[in-house]
Amino acid sequence: MSARHRLNRGAGSPAVSTPTRTPHHGAVVLMNGRRLADAEFPATAAGHADLLKWMRSFGTLHAVGVEGTGSYGAGLTRHLLSNKIQVIEVDRPVRRQRRTKGKSDPLDAYAAADAVLSGRARA
């Protein structure tokens, strides 16, 4: 796991999102919207395994939102599905919002997790 790891402890079932860039950046959000943690993992088979282990350390997973399930995120998606994790396709962040808020993997990951929880992103 990367040294870039922020954590605020809480309880509940997390939704996790991973924009599929190199490296992957995961964010964990509770069902009530509380942001728990984010971290970076290599976009490799070992990184996928570490990411899943990290996500599960927060409790039972509700869903994992992934950008680009058919392209950049295909390897991660296959790994999650083979481990019986629900994967939800998440759209890339809106360019206009990225211009005003700036480019940030943690912000993108949290925005994607929020989309999963709100139902804007669907399986």
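I call a residue buried when its relative accessible area is under 20%, exposed when it is over 50%, and partly exposed in between, using a 1.4 Å probe and protein chains only. By this rule I entered glutamate 67, at 6% relative accessibility, as buried.

**Entry 1. The model**

I noted that this is a predicted model, in which local features need pLDDT of at least 70 and side-chain atom pairs count only at pLDDT 80 or more, while totals for chains, interfaces and linings use all residues. Residues are numbered from 1 along each chain as its sequence is written, and side-chain values use heavy atoms, with hydrogens and water left out.

**Entry 2. The chain as a whole**

I looked up the secondary structure and found four helices and six strands. Helices (H or I, at least four residues) and strands (E, at least two) are DSSP runs, numbered from the N terminus. Read from the N terminus, the order of elements is β-β-β-β-α-β-α-β-α-α.

I then looked up burial: 45% of the 123 residues of the chain count as buried. The chain exposes about 6600 Å², and 51% of this area comes from carbon and sulfur atoms. Accessible areas come from the Shrake-Rupley method with a 1.4 Å probe; for residues, only the protein chains shown count as cover.

For contacts (heavy atoms within 4.5 Å), I took the pairs of residues at least 6 apart in sequence. Of these contacts, 60% join residues at least 24 apart.

**Entry 3. Helix 1**

I asked how far helix 1 reaches from its first C-alpha to its last. Helix 1 (residues 45–56) has twelve residues and reaches 17 Å, close to the 16 Å expected at 1.5 Å a residue. The expected span is 1.5 Å times one less than the number of residues.

Which residues of helix 1 are buried? I listed Gly47, His48, Leu51, Leu52, Trp54 and Met55. These residues lie on the same side of helix 1, because they cover an arc of only 160° around the axis. The arc is that of the directions from the helix axis to the C-beta atoms. Ala45 and Lys53, on the other side of helix 1, are exposed. I added a general remark: an α-helix has 3.6 residues a turn, so residues three or four places apart point the same way.

**Entry 4. Aromatic rings**

I searched the whole structure for aromatic pairs and recorded two. Rings of Phe, Tyr and Trp (its six-membered ring) pair if their centres lie within 6.5 Å; planes under 30 degrees apart count as stacked, over 60 as edge-to-face and the rest as tilted.

The pair of phenylalanine 41 and tryptophan 54 is tilted, because the planes stand at 50°, with the ring centres 5.5 Å apart. This pair links distant parts of the chain, since phenylalanine 41 is in strand 4 and tryptophan 54 is in helix 1, 13 residues apart. Both residues are buried.

Tryptophan 54 also pairs edge-to-face with phenylalanine 58, at 5.2 Å centre to centre and 80° between the planes. I looked up the relative accessible areas as well: tryptophan 54 has 4%, and phenylalanine 58, also buried, has 11%. Phe41, Trp54 and Phe58 form one aromatic cluster.

**Entry 5. A buried aspartate**

I located aspartate 38 in strand 4 (residues 35–41). Aspartate 38 counts as buried because its relative accessible area is 1%. What does its side chain touch? The side chain of aspartate 38 makes a polar contact with the side chain of histidine 25, at 2.8 Å. A polar contact is a pair of N or O atoms within 3.5 Å; within protein, one must be able to donate a hydrogen and the other to accept it, and residues adjacent in sequence count only if both atoms are side-chain atoms.

**Entry 6. Residues apart in sequence**

I returned to glutamate 67, which lies in strand 5 (residues 63–67). Its C-alpha is 6.0 Å from that of aspartate 91, although the two are 24 residues apart in sequence.

Valine 90 has its place in strand 6 and is buried, at 4% relative accessibility. I found its C-alpha 7.4 Å from that of glycine 68, 22 residues away along the chain.

Leucine 61 is in the loop between helix 1 and strand 5 and counts as buried because its relative accessibility is 17%. Its C-alpha and that of valine 28 are separated by 9.5 Å, with their positions 33 residues apart along the chain.

**Entry 7. An exposed loop residue**

Where is lysine 84 found? I placed lysine 84 in the loop between helix 2 (74–82) and strand 6 (87–90). Lysine 84 counts as exposed because its relative accessibility is 75%. I also noted its positive phi of about 60°, although lysine 84 is not a glycine.
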